Amino acid sequence: GGLQVKFRAKGKIYFGTCADPNTLNIASNTNVLKKDFGQLTPENSMKWDATEPSRGNFNFGNADTLVNWATSNGKLIRGHTLVWHSQLPGWVNNINDRNTLVCVNLRQNPLEMKVLISSKLQTTVIQNHAQSVAGREIFNEDGSLRSSVFSRVLGESFVTIAFQAARKADPAAVLYINDYNLDSANAKVRGLVNLVNRVNQANPGTIDGAGTQMHLQANGAGGAQAALNALAAADVKEVAITELDIVNASANDYTAVVRACLNTPKCVGITVWGVSDANSWRSGSNPLLFDRSYNPKAAYTAIINML
Ligand code: G3I
């Protein structure tokens, strides 16, 4: 069996990756997806600049392609991403009025987007388990809130507002907060844990899960277990590794991260950020499990042997 089958046999829900129409067009890539991966995250097609490039002008073509491929091949889907400071269309960045932002961001756009996505997600919900990412990359490295159009106009309340809007749009989705550099028990992890606990104490059950992206440097896996322990200690039902890639992709680094998830009861899954080094956003550092010819690398074999 491939990664998904073996990871599930260990009690986990998914071993996934990201995709979009550009990589779903490559047969050697989809062969690997079918055999090894159980979950897909749209790499770019559900970001706001892709789904609503100008106000009221929605485009779900690429997102639909991804969702249709995933559902017809029995793969779970993580929505990605609802509220993010990056890859925002200019018209959103320029809003400075609270009422307009709440209306545009949290009533009009995400609801329409979520309703559309969730109608497709129903299939996977029936199959098993839907995951949706609602808040992303909202922290500075010291754990304070990052300055964005959301935090400037709405303050911390945008987090609760966004999760409540997502819940209303798709009550079956599992809603995650997710960020990068949550790779050890650092100040940013503490900031995220404190925010999740504040939000869920005020409004119980608002945030379901905490995700760590884990875009790691070489030899950067040493803090992974401590990071997962800290995230799992927050008031959440589950945690996940959502965008894993590691410079040079050594077998030791990759097995350390997979072992950390195996050792963390609340860790439900791992998503690596791409299949082949050829299509990685960090292509030059060869951070993935398959080489440029879509052949498995040493780290892949090490994970399979470990599982
Ligand atoms: O689609 C255009 C294409 O028409 C144009 O010719 C080309 C020229 O540069 O650009 C293409 O768009 C690029 C897009 O990826 C699709 O390939 C953008 O320039 C490029 O900026 C974009 O990069 C994405 C990046 O997010 C943007 O911040 C990466 O693919 C994607 O892997 C990366 O993923 C993010 C996660 O969503 C969130 N966490 C961090 C992670 C890494 O930055």
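This passage describes the ligand shell, the nonpolar core and two backbone outliers of a predicted model. Local features need pLDDT of at least 70 and side-chain atom pairs count only at pLDDT 80 or more, whereas totals for chains, interfaces and linings use all residues. Residues are numbered from 1 along each chain as its sequence is written.

The ligand is surrounded by E43, N44, S86, Q87, Y180, Q213, E243 and W281, where a residue is near a molecule if its C-beta atom, placed from the backbone, lies within 6 Å of it. This shell comprises 2 nonpolar, 4 polar and 2 charged residues (nonpolar: Ala, Val, Leu, Ile, Met, Phe, Trp, Tyr, Cys and Pro; charged: Asp, Glu, Lys and Arg; polar: the others, Gly among them).

The largest nonpolar core (buried Ala, Val, Leu, Ile, Met, Phe, Trp, Tyr and Cys residues joined through C-beta atoms within 7 Å) contains 78 residues, of which L192, V196, A210, L231 and V257 touch the most other members. Helix α9 (residues 157-169) contributes the most to this core, with 7 residues; helices (H or I, at least four residues) and strands (E, at least two) are DSSP runs numbered from the N terminus. Leaving aside residues up to four places away in sequence, L231 touches L182, V189, V193, A210, T212 and V239 (C-beta atoms within 7 Å).

Most residues other than glycine have a negative phi. N248, not a glycine, has a positive phi of about 75° and lies in the loop between β8 (238-246) and α12 (251-262). N248 is exposed, with 12 other C-beta atoms within 10 Å (buried: 20 or more; exposed: 12 or fewer; partly exposed: in between). N286, also not a glycine, has a positive phi of about 45° and is located in the loop between β9 (267-272) and α13 (298-306). N286 counts as partly exposed, with 18 C-beta neighbours inside 10 Å.

Notes. Two residues are in contact if their C-beta atoms, placed from the backbone, lie within 7 Å.
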